[in-house]
Every structure is written in C-alpha cells, then in structure tokens.
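Got the viewer open? Let's take a short walk through the model, one selection after another.

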Amino acid sequence: MKVRGYSSPTSLNEAIALLAKYQGARILAGGQDLLVEPSRRDRKTSLLVDLRRVPGLTGINEQPDGTLRIGAMTTLGQIAASDLVQMKYPALGAAARVMGDAQLRNRATLGGHLASADPDADLAAVILALGTDFEIVGSRGPRTVLADQLIVGPRQTVMKRDEVLASMSVPAPLPRSAIVYERFRHPATLYAICGVAASVRLAKTGRVIDCQVAVTGASEYPTRLRSVEEIILEKQWDADVVTAAASHSAGEGLVFRSDLFASAEYRQHLTRVLTERALKQALKNAATDIQPENYQPIEQIANAAVQV
Amino acid sequence: MATQVFGAPIKRREDPSFLRGDAKFTADVNLPGMTHVAILHSNRAHAKLKKVSTTVASQMPGVIRIFIGKDIAEKMNPLVCVWKPAGVESHFPPHPYGVPGAQTALATDRVRYVGEWIAAVVAETRRQAYDAVSAIEVDYEALPVVTTAEEALKEGACQLHDTVPGNLCAHVTYGDKAATDEAIRLSEVVIRQKLRIPRQLHQPIETRATIAQYDTTSDEYTLWTNTQIPHGNRFLISSLVLGIPYNKLRVIVPHIGGGFGSKGYLYQDAVLMLVLAREVGRPVKWVDTRKNLALTTVHARGQSQDATLAGNRDGKITALSVSNYVDLGAYPAVNGPGAPSVLTGRSVTGAYAIPHPFYEVYLAFANTVMLGPARGAGRMEAMFLIERLVDMFACEIGMDPAEVRRRNMVRPEQFPYPNGLGWTYDSGNYQAALDRALQMAGYENIGPRKREARQRGKRLGVGMGCYVTIGGVGPSPRMGREGLIGSTWASAIIRLHQTGDVTVITGSQPHGQGHVTTFSQIVAQELGLPIEKIEVIHSDSHGVPYAQGSYGSRTFSVEGTAIYQAAQALKQKALKVGAHLLQVKEEEVICADGKVQAKADPQKSKTMQEIASALWFAWDLPSGVEPGLEVTTYFNPEDFNFPFGSHVAIVEIDEQTGHVDVVRYVCVDDVGVVGNPMIVEGQMHGNVGFGLGPALMEQVIYNEQGELLTYDFRTYAVPRPSQMPAYELERTVTPTRTNPMGAKGAGDVSQPGVCPAIVNAICNALSDLGVRHMDIPVTPEKIWRTMQEVHQ
C-alpha cells in the first residue's frame, strides 16, 4: 500500500468531509487490517483519515432503556475487559477475548473490525446473532443499519466511501434469552476456521420465540444461518431432534472457504457441529430462567444422543 | 564460598537486557554511510535465465547499483558443502577448489528453486531498494520441475546439475543388509510401513540479517551477521569463497533472535554483502523479510521412509530395515547431507537392542529450498520411525506397547552399547525413565479414563515416545570419518585478573541458550568466586578463539568442558603460586572456597585475587613460573554422549471435529549432570513445542510447479503458547563417561520424543477403528476423515 497523505481530523464532520473530498481516501482506526495489508504496491491510498482524535467514538455506555452503546473506536481489548459487557453479554466479551493477542486487541477497534468485513471476524458472528444496530454517519447525515445488513459480501459492507461507522447498539437482554459462541481455531492464524453464535429466547412455556444463528470463518463472509433459525423457531427448547435437524441444515446455500488447513467440506461439517453445540448450550442457558412449573430437566439435553 | 553454584537453578544473567529491550540484534546495528540491500528472488522453480533487465530499476530514486549474477561471478566462488558422505561415491555441484560446491550467491544462467537469488539492489534506503526490486524484469525459459527425492531419482527426470548424474548426491548405507534381510525372513512377525515426514520451516523470531563493511586502507572486511557458526563462516568465506586472507575478515555476531539450526550455515548473504560493500565503497545492510525467509533459509526434516521391523511373538524385536529418500534441495546446505545420513541412519534403533539393523538413504537434489537441520535434527525422524513401528509391532502381537519396549530396551549392564549402526551408547537406564513416565501419567488406570472420556464424546489415547539422541558434537577424528571436512573440538580461555575479576572467552555462539549463565556457574564453582566477578566474552572473531559455535546439543558438554578444564589448569597454577606465597610445599595446599589453603592450617590461606595479584606484580614467583594467571584449553572429546528419556502423552480427540487436545504431557529426560536445572527445564519446554508443531500442524507444501505454498504465519502454523500443553517434567541423572563433568547434551535432545508420543497417543485413541498409522501432521481434518471412512 502506498499512502500519499495523512490527516487526523478532530470532528466527525471533518472526517466525513475529507473522505468525500479525496477519492481513494481510507479510514485508519486501529490499523490492524490496514497496516498489515500485504504490501500491495498497486493499491494507492490518497489519504489516510485517522479517527483517533474524533471525539465521541469510544466507550461502552448503558442507555436508559438498557441498550448498550459501544463506540466504533472502542478497542477489542476494552470490550474484552468491560464488566458491563461481561455482565450483559458474556458471549460478546468472550468473542473479543479470542481475537488475536493482547497487543492486537489493544489496537484493533470494533468499527475497524466490522467495517473491514473480515471473513474471519469472531465478533461478527456474535453481533449478527445479537441483532445489533449500527449508527453510520455520512455526508447525507446519520442512518441506522441492522447487523445483518452491514456486511454484504467478502470484505464488502453497505457503507459508502464518505461514511463512518460511529457506534453499535446492543439491545438489553430479555428474560429467558441466551447467546453462546462456539469456535474452532485456525492453527496458523488463530482466528476462527469456523465460529457459530446462537442466540435464543424462550416463551414461559419453553417454546422458542426468537432465534438468530450466525457463522463466521467458514464461509465467504459472516452471515446468518436462516434455515437453522426457521427450523428452531416455535419449537420446544428441549427438542433435541429439532436441534440436530436444524444443525444439519446449517450452511445450506453457503459457499465455504478452503485453505491448506481446512477444506470446504470440513468447514461445512464444523458449521453443523458448532451450530448444534452453540444452539444446545444457548437453549440450556435460556431455560434456566424458566419458572419451575414449566421447567424441563436439563439432563435431557446433556445426555441426548448426538445426531448429525 | 561454600554454596553450590554449579547445578543451582539461578536466573539467567542474560535476561535483564533482553527483557528491557536493550539487547542489540543485527538489524539494530547502523553504520555511518550505510546502504541497504534488497534481493530479487526467482519465482520459478526451474528455468533458464534468458535475460535480467535492470534498466528501469537502476534509474529509480536512491538506487546506487544493481548486481546480477555475471557482475559477481568473477569476484567470488560458489558456496561450499563441507559434508561429503564418507566411503561412498558422491556428486555435487562444481567448485573450483575441488571441494563439494553449492549455490552461487546470485544465479547466472539458470535458477533451480523458487527463492533463488537473482539480483541484489543497493540503495540509499530499504524502501528504495525494495521498490527497485519490483522494477527488475526477468525473462525465464521454463524447465521441468521435480520437488521430491523419489521424482528426482526416477529415470528420465530432469537433471539439475551436469555434475550430478541422475540427481543422486549419494547413496549411504549402514549395517549388514544381507544379515538383516535373513533375520526378517526368519521372524514370526514383520511390520512394514511407509512414513512420510514432511519438511518443516524454520521460524525464528529474528530473520536472517547481515551487515558488511570493507576498509580500503587496511583491506579488512567486517561482517555483522546472526550466524550460529561465526568462526566457521570466517574460515569458509575467506579460504574457499572469497579467497582473502583469514586475518582480513572479522565476524561479529550481535544477539541472535533464535536459531534452532536455521542459522548454522554459510548462506549466500554473508559473502555477497562483503562483495557489495567493497564494490560500492560503503557499508551494506540486508535484513530478510518473513516471507522471503521461507524461500532461502534451510527447510528441515523431509524424509520418505520405507521401514520394516521384524520380531517374534514373545515381544523380541529381531531386525529393522529402513530405506529412506531425502531431497537435499536444489543445492546442498553447508552440512546438508549430514542429518539424513548420519543423524537419522545411525540413530534409528532408538532405545532398543536390535540384533540386525540396516539403514540406507538416497540423497537427491530437487527443485526445492536447501535442506538443513532443525532442533532434533535427523533424530526426530529416526525416533518417529522406530517408536511408531514398535507400537505397530505391539499391536500386531497383542502385547502392551510398554512391555514390548521394556523387553527390547538396552539394559543398564549393557553399556557401553554399540547399536550396530555406528553409535556406541555411553550410559543410561532407559527402562527406569519409561517406568517413571508411565507411573506419572497413570498408565495403569487408562482403561477407566478412556471409558469416561467416551461419555463426554471424546476418544482418549495414550502414547509413548522413548528416545536416545546423540549430543555433544564431537570427537573430531570421528566426525572426519563421517565425512565432515572440518573439526568439532572446543576452546576456552580463562583470565583471572589481578583485581580478582575473571574473563572467560568462549568460541561457542549463544543464541538464546544461556551460555553466559551456565559457563559462569562452571567457573564460579571451580574457582570459588562469586558469579558477579565473571564476565563471558563471545561472538567476535577478534579476541575469541576459533571454535565451532552452537548446534546439535554440543555447547555445555563440549565447550563447557573446555571451560571446566581451563578452570582446572588455572587452579593448578594458583596452587603452585599459593603454596609459594604461603611458604609451604605444593602438596601441602588445597584449593577450597576461592582460596589456596594450607592443609594443616586452613587459616593460613591466600585468596585467588591475592594470588592473581602476585602473578601480576611478578615480584616474587616460584622459579620457572611465568607471570599472569591465564589459561587456554582445547577439548576434543573421545566420543559423543547419548541423552535419553521417555515421554508419555495423553490425548483426547473430539469425536465430532477431530480436534486433538493434549491433556497430559509427561517427560522423564536424562541429560546427565546439569549445570543449571532451570535452563535445562526451559530447553525441555522448547523441545516439547518444537515436537508438537510437526506432530499436529506444521508442514511445508510445494505445488507441482515447485511454488512454496507455505511461507508465513497465515499459511504455516507454528504452535503458540496458547496451543501448548501443560507439561510435567522430571529428570533422572546418568552421567556420561565421555567428559569430566558427566554432562550430556540438552538443547534439542528431547524433541525427538515428542512427535512419536503424540502420534502414538492419537493412533491409540483410534485403534479400535482399525487405525494403524497416520502421517504427520495429524490435523483435525485428517482425523475427521479417518473417522468418517471407518463409519462408512
């Protein structure tokens, strides 16, 4: 990468104006993708717009309605260490903690991580399953994008070149809900060969009334596993057969990646296995909130035969 | 000083400067007027070089000069190989001095592997040098490619060198083939297995780096480079490659960020940078990149073994026969033929007394990066072979693999034990180490644990890796008989100053092992002086005696012995002078607690400092005694030493994903007498990591065009701390007879036990599925596929 210029604006508007003005300008957040880009000398960057001095882009704050707002320039290290995150969404903290190493997490930012639409991004699966909102600010003002609309392809997002990802809002956890993230680590990069996040919510009766499952690492880009969700929804939480069937459909229609360490076929297999594990655990966790009169013993799940 | 320093786990004296980040590595060295070099590598595995055009590149900003092969061809000879397999016909690339030749620093008319150096750009800055490299145009004419020894040796395969018919460097054999074949024929059980050991990349944290300077007024060259063998480099460069006087070349080694055998060579950069510095009249600096490291730094392992083990149903092994095929790369590394011939071949009986062993290896040239040793060199490949076959044999006859091992291990009363392939094992108690490791791992109760694991969806397996790995290189006459054109003795100088301070000078070359600490401990113990008084000087050919550097677990037992002996000799002189000063006879004094004391009256004594001071003043010395308290010694060991041990791994395999979790890892190692147990323990940790990698994840992959697909941390996996198992270490102590300290090698000796322990455990976990063998690396996907096949 060749860089012609550098700027560190002190307001979001100034940053957006620079991005609009200079064709080929790129945002510098933590630099963990940008700075380690293979030294592609053909890729010219007219201007690096460093967001470090832009106020209001960092921090993890709980809103009056219980929503958690996380600024885009918040580092993965801050998310991993946040008590607030740990309390409300342990899976989010856990996914942040497995990303890279401590040095990387101290630099890498939430926004940079998502805006680069990295196909290995652990956090992306959790965020897709959580159903967060993103605040994106551009020349034409702010707009809100849902989690599953942000990333639209391999290293592709819906963001325009004069737009900046400002923050992410995670809705407050509801009763009888849970999210679990399961991953299989790549031996070389230590990112996910396959990571699956499953988020579920149960009715008082134990019926699944909300289910969002997402995969990262295995396929071309982080994405929701809608066929799985459809099978699970409206079913009873402890129906193992359903969980197994749903897992079996995991990855239908997806294009799986392949490298020297894991073939597409193996990644597809892992997607199914991890979907089943994440779903089972999430259902089990959510069920702990169910009142005793409706309670189904957890052992039924733990001892159930695995059918893949 | 009555406390025991030798053998104490004292903290490493080297560490503060590393931990503070003060230590200077080659890339940290900057000289006035320094220029920077970038290299153009071949991206073809085998091709004629029709044209190399530097016209555009040489006009680019900051470019001082660009060198291609023909610019330097008259200014230096090809590199050399100093290991010519003994007693057999061998063929190498040519060299004008008649020694085995290797590659030229820059290719002239032909490239033979992806990565071969084609051009060197000298520029004002590193960035300018790399920019210009991308502007050099090369016109190749493709030639056929071979990337394995088997392919290279096939009739009609493309020929790499005119001087090497059939691409065969040498065919080396050890043992009696006819007797072995006959023993196999007469045995009740015969196990045959092909084992493929892939190549392994070196990935030290510091890449190779070299700075060169030439002084026109004195005609002297200075080299700063991170080599494990500075004196060897000085000798080979001056005498065989550049043809300059030995004493006009100085080699300085800044701190080294890891070697593991990757830096124990003469590489093209060292010589080329000297020539470039002279030609451009300014110092030049070259620091490799991570990706390019894999393209020219030696690869290791890479064997294709056809193994046959025979035995009887009583558990006794009768014979072992191995045919091995090894690709040395396109050109030989400076010691390239050594590991796959001697280190694997003579070691392949492992810890067992096998009546009829035979080993042969075909060493071939192919279109790959040159092959050299890595930690556990040659012996890992040997131990993997024997330990896998012993397990298969045990399985075949339905006997506990631990019991088969016990029945065949060399027994304590058999030492010194000649293994039939050329080694004479010095000392050991192999069965004691195995039994202790099994006891620690709870081997007896493994059945219930297997059943418990199955309930959790895991397959549990237990595996053993017993090893005997040669250390202490070495006895020079013996190395000469093996084909090494060189020597392997040790040297040391100890100087006790009039102030009581001590200077120890070693020719050994530290690259992370803690030489300074351990050598200080030897001297502090022998002279009875505080460790703080002792400085250890190394890494500069000016002022440091010739020695061999550090490799092959030789430093403590060989270079350390030279220091030990120097301390003894120094004490002898101190006793003589001390007795004189105390006005008693020499027989009436002893050396204790840093003093020379009268035996009859310990109060009557002179400190070492007082004696050194007397020798400095030289006003009153016994007749015939020269001033000064300084000793130079050399140590040429009679034989090698043979550390040994047993490792036990317990693994759990996820039945759904094939993921392997090493849940217990037990090591019982024996490296004889140790100088610093904490340092030895650290080495053993490193050995486990270095064995875990090839067992589970590491492998070099070439495609059919000879392009290297594994070259960085995205494409090549090395174990990180978070992937390491928790390990439990114990040691037994069996001194060697081959040096006065009783010390054996430790640096890389237990690495060979790791891979077989883990793979045996995996095969054990899968044994009820009929799995007999899995080639390394045993990846989760490979296991998953194996389990799938069985289910179908």
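Before the first stop, a word on surfaces: accessible areas come from the Shrake-Rupley method with a 1.4 Å probe. Keep in mind, too, that this is a predicted model.

**Stop 1: chain B, whole.** Select chain B and colour its surface by element. Its accessible surface comes to about 28,100 Å², and carbon and sulfur atoms own 51% of that. Now look beneath the surface: 63% of the 792 residues of chain B count as buried.

Switch to the C-alpha trace and turn it around. Along its principal axes, the trace of chain B spans about 90 × 70 × 50 Å. Chain B has a radius of gyration of 28 Å, which agrees with the value near 28 Å for a compact globule of 792 residues.

**Stop 2: chain B as a cartoon.** You'll find 21 helices and 28 strands in chain B. Among contacts in chain B with a separation of 6 or more, 80% link residues 24 or more positions apart.

**Stop 3: charges.** Still in chain B, pick out the charged side chains: 75 are positive and 80 negative. The centres of those two sets lie 1 Å apart.

**Stop 4: a helix in chain A.** Now select residues 12-21 of chain A, helix α1. Which of its residues are buried? They are A:A15, A:I16, A:L18 and A:L19. Look down the axis of α1(A): the buried residues fall within an arc of 160°, so they line one face of the helix. An α-helix has 3.6 residues a turn, so residues three or four places apart point the same way.

Flip to the other side of α1(A), where A:N13 and A:K21 are exposed.

**Last stop: the neighbours.** Add the strands of chain A that the buried residues of α1(A) pack against: β2 (6-7), β3 (25-28), β5 (47-50), β8 (133-138) and β12 (164-170).

Note on methods
Residues are numbered from 1 along each chain as its sequence is written. Chains are lettered from A and ligands numbered from 1 in the order in which they are written. Side-chain values use heavy atoms; hydrogens and water are left out. Helices (H or I, at least four residues) and strands (E, at least two) are DSSP runs, numbered from the N terminus. The radius of gyration is taken over C-alpha atoms; the globule rule is 2.2 Å times the number of residues to the power 0.38. Buried means under 20% relative accessible area, exposed over 50%, partly exposed in between (1.4 Å probe, protein chains only). Contact means heavy atoms within 4.5 Å. Lys and Arg count as positive and Asp and Glu as negative; His and the chain ends are not counted. The place of a charge is taken as NZ of Lys, CZ of Arg, CG of Asp or CD of Glu. The arc is that of the directions from the helix axis to the C-beta atoms.
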